[in-house]
Amino acid sequence: MGKILVVDDAAFMRMMIKDILTKNGYEVVGEAADGQQAVEQYSELKPDLVTMDITMPEMDGITALKKIKEIDPEAKVVMCSAMGQQAMVIDAIQAGAKDFIVKPFQADRVLEAIKKVIG
């Protein structure tokens, strides 16, 4: 139904998203803990969609989004942000993110964003 790369520096957040996605028929093909790993894995795995945390060590989500867009202008990325990161969300949308979901994740919102982006 859709191959997804899950990117978040917090393992439990990755697990939460993975759980929501796999229970609803999506395939999680990879996980990354920072933006650098996300860019490398995107090139290798060619996922249909990436869920990308904004605030991470090494390389933040917005920088990673821009690099992924350089590799693949058609890349579909949904940003994940904590409350109060509106300015960063706007930056991410301008950089090419398709949507964003706010932590703590609500399953229906995660699925709504993903369905909207990859169907």
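This report walks through the fold, the overall dimensions and a few backbone details of a predicted model.

## Fold and annotation

Let's start with the secondary structure. The protein has five helices and five strands, and from the N terminus on they follow the order β-α-β-α-β-α-β-α-β-α.

The UniProt record, an unreviewed entry, places the feature "domain: Response regulatory" at residues 3-118. Over residues 3-118, helix takes up 48% of the chain and strand 22%. The C-alpha atoms at the two ends of this stretch are 10 Å apart.

## Dimensions and packing

How does the radius of gyration of the protein compare with that of a compact globule? For 119 residues, such a globule would come out near 14 Å, and the protein has 12 Å, so the two agree. Taken along the principal axes, the C-alpha atoms fill a box of roughly 35 × 30 × 25 Å.

Of the 119 residues, 47% are buried. If you look at contacts with a separation of 6 or more, 61% of them are between residues 24 or more positions apart.

## Surface and charge

The exposed area of the protein is about 5900 Å². Carbon and sulfur atoms supply 53% of that area.

As for charge, there are 14 positive and 19 negative side chains. The centre of the positive set and the centre of the negative set lie 4 Å apart.

## Backbone details to look at

A little background helps here: most residues other than glycine have a negative phi, and most peptide bonds are trans. With that in mind, three places in the loops are worth a visit in your viewer.

One of them is the peptide bond between K103 and P104, which is cis, with omega about -5°. P104 sits in the loop that runs between β5 (99-102) and α5 (107-118).

The other two concern phi. K46, a residue other than glycine, has a positive phi near 45°, and K46 belongs to the loop between α2 (35-45) and β3 (49-53). E58 also has a positive phi, near 65°, and is likewise not a glycine. You will find E58 in the loop between β3 and α3 (61-71).

Is E58 buried or exposed? Its relative accessibility is 72%, and the cut-off for exposed is over 50%, so E58 counts as exposed.

How values were computed: Residues numbered from 1 in each chain as written. Predicted model: local features only at pLDDT ≥ 70, side-chain atom pairs only at ≥ 80, totals over all residues. Heavy atoms only, no water. UniProt positions renumbered as here; feature names shortened; annotations may be inferred. Helix = DSSP H or I, 4+ residues; strand = E, 2+ residues; numbered from the N terminus. Rg over C-alpha atoms; globule rule 2.2 N^0.38 Å. Buried < 20%, exposed > 50% of the residue type's maximum accessible area, 1.4 Å probe, protein only. Contact = heavy atoms within 4.5 Å. Areas by Shrake-Rupley, 256 points an atom, 1.4 Å probe, with all protein chains shown as cover. Lys, Arg positive; Asp, Glu negative; His and termini not counted. Charge placed at Lys NZ, Arg CZ, Asp CG, Glu CD.
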